[in-house]
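User: Take me through one part of this model in detail, please: the stretch of helices and strands in the second half of the chain. I'd like the geometry and the burial tied together rather than a list.

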Amino acid sequence: MSDLVLIGVYALGAGAVVGVVGEVALRLLRKRSIILHVCVLLTITVASVVAGVAAVAHAMFLSAHDLQVVLITVGASAAVSLGVGATFGHRLATASVWATQARERERQLEAGRRDLVAWVSHDLRTPLAGLRAMAEALEDNIVQDPATVAEYHRRIRIETDRMAYLVDDLFELSRINAGALRLALSSVPLGDVVSDAIATTAPLAAMRGVRILARESGWPIVTAGEPELSRVVANLLVNSVRYTPPDGTVVVDAGAERGEVWLAVSDTCGGIPEADLPRVFDVAFRGERSRTPQPQDGGPGNAAAGGGLGLAIVRGLVEAHGGHVGVRNTDNGCRFEVRIPASSLGSRT
């Protein structure tokens, strides 16, 4: 019995030494990835077993040959255990990280949905209250002055258009999120799309005193859904014009490189706080803290301004094309850049 106790003491002592070293290592690595922690923990476990067996075998005064046999056997078993454990540990760690990211993403989406409901409720309730008041005033003949009656009719049309744009944005966003968006891809001259978007945005730009600049030629051709691409460019232009102060400039440029076509819309808005940059394309994020649009009296800018959905729609449509969109600050404003796969890089219009 005393021999068994001695063997246990040797095994516990060797394992304890390895455990202490492992504890120190884990403390030093506490800020590293979970995968590294799993691998270190697995190594400590196997090493403690190997150390215990080696200590006991050495204490038993085995012959050199027998000691080598024991150590080779334990070493081979340890190598297999580490290999299998590392493989499955990596899978478990990856699954854990993925699950954590999925929960965080779900939390963000849920927060975005709540924000969207709040924004839309406000943006629908406010104009509806105004429409009801003006309609009641006209119905009860409280307003009879022709100029005032005409103004009420104009305001009713403006608010109706704004709500119609908001409903269209909600429908487009719901199609994107539900995966129901189907693109009819074709070769689209980007210059024509930009020209149409500039023409649509021109009244808002003129009213705000903002200049829109774009090259006259050299635009690439891209494989895309033309209505969706037009929506992307128009939303980016309206967004930049709305947030650019009077006498500011919005520049539209494009090019092709490394199998991609890029489109950039740069403005002189003064920039976006760095903390807000990752949230610019989130649903219902309008960024009033960074860029405050001036009130508009109708027009496409006001209509599209609805619930802070324009840039979220841009991201959804661009990703539906297999591309990506980003934003960064420049010296006196910010630059939105869209990149999507090209059709023929050498073609220009």
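Analyst: **Helix H8 and the elements before it**

Helix H8 covers residues 310-320, and 8 of its 11 residues are buried, so the rest of the structure largely encloses it. Bear in mind that this is a predicted model. The buried set in H8 is Gly310, Leu311, Ala312, Ile313, Val314, Gly316, Leu317 and Val318. After H8 comes glycine 322, with a positive phi near 80°.

One long-range pair involves alanine 320. Its partner is isoleucine 176, which is 144 residues away in sequence but 7.9 Å away in space, C-alpha to C-alpha. Isoleucine 176 belongs to helix H4, residues 146-178. Is isoleucine 176 buried or exposed? Its relative accessibility is 18%, so it counts as buried, given that the cut-off for buried is under 20%.

Now back up the chain to helix H5, residues 190-208. With 19 residues at 1.5 Å each, H5 should span 27 Å, and its end C-alpha atoms are 26 Å apart, which agrees. That agreement doesn't rule out a kink: H5 bends by about 45° at alanine 202, and proline 203 follows within four residues. As for burial, the covered residues of H5 are Leu190, Gly191, Val193, Val194, Ala197, Ile198, Thr201, Leu204, Ala205 and Arg208. Here's a handy rule for reading that kind of list: an α-helix has 3.6 residues a turn, so residues three or four places apart point the same way. Among the buried positions of H5 are Val194, Ala197, Thr201 and Leu204. H5 then hands over to glycine 209, whose phi is also positive, near 75°.

The next helix, H6, is a neighbour of H5 in space. Two packed helices are described by the angle between their axes and the distance between the axes. For H5 and H6 the axes come within 9 Å and cross at roughly 30°. The pair is therefore roughly parallel, since angles under 35 degrees count that way. The crossing is right-handed. H6 itself has 18 residues and reaches 26 Å from its first C-alpha to its last, close to the 26 Å expected at 1.5 Å a residue. H6 is mostly covered too, with 13 of its 18 residues buried.

Next, the strands. E1 (residues 185-189) and E3 (residues 220-225) run antiparallel and are joined by 5 bridges. One facing pair is serine 186 with alanine 224 of E3. E3 is mostly covered: 5 of its 6 residues are buried. If you want to think about side chains, in a regular strand they alternate between the two faces of the sheet.

Strand E2 (residues 211-214) pairs with E4 in the other sense: the two run parallel, with 4 bridges. Within that pairing, leucine 213 has valine 251 in E4 as its bridge partner. E4 also pairs with E5, this time antiparallel, through 7 bridges. Glycine 255 and tryptophan 262, the latter in E5, are bridge partners there.

Which residue takes a positive phi in the hairpin of E4 and E5? That's arginine 258, near 50°, in a hairpin with 2 residues between the strands. Arginine 258 sits in the loop between E4 and E5 (260-266), and is exposed, with a relative accessible area of 71%. As background, most residues other than glycine have a negative phi. Arginine 258 therefore deserves a look on the backbone plot, being a residue other than glycine with a positive phi.

Aspartate 247 is another such case: it is not a glycine, yet its phi is positive, about 70°. You'll find aspartate 247 in the loop between H6 (226-243) and E4 (249-257). Aspartate 247 is exposed as well, at 61% relative accessible area.

Just past the hairpin loop is glutamate 260, in strand E5. Glutamate 260 counts as partly exposed, at 24% relative accessibility. Like isoleucine 176, glutamate 260 has a partner far along the chain: valine 338, 78 residues away in sequence and 9.8 Å away in space, C-alpha to C-alpha.

To pull it together: H8 is largely enclosed, and H6 and E3 are mostly covered. The loop residues aspartate 247 and arginine 258, on the other hand, are exposed.

How values were computed. Residues are numbered from 1 along each chain as its sequence is written. Side-chain values use heavy atoms; hydrogens and water are left out. The expected span of a helix is 1.5 Å times one less than its number of residues. The bend at a residue is the angle between axes fitted to the seven residues ending there and the seven starting there. Buried means under 20% relative accessible area, exposed over 50%, partly exposed in between (1.4 Å probe, protein chains only). Two strands pair if DSSP finds at least two bridges between them. Axes are lines fitted to C-alpha atoms, for helices over the stretch in contact, and angles run from 0 to 180 degrees between N-to-C directions. Angles under 35 degrees count as roughly parallel, over 145 as roughly antiparallel, 65 to 115 as roughly perpendicular and the rest as oblique. A crossing is left-handed if the near helix is turned anticlockwise from the far one by less than a right angle, and right-handed if clockwise.
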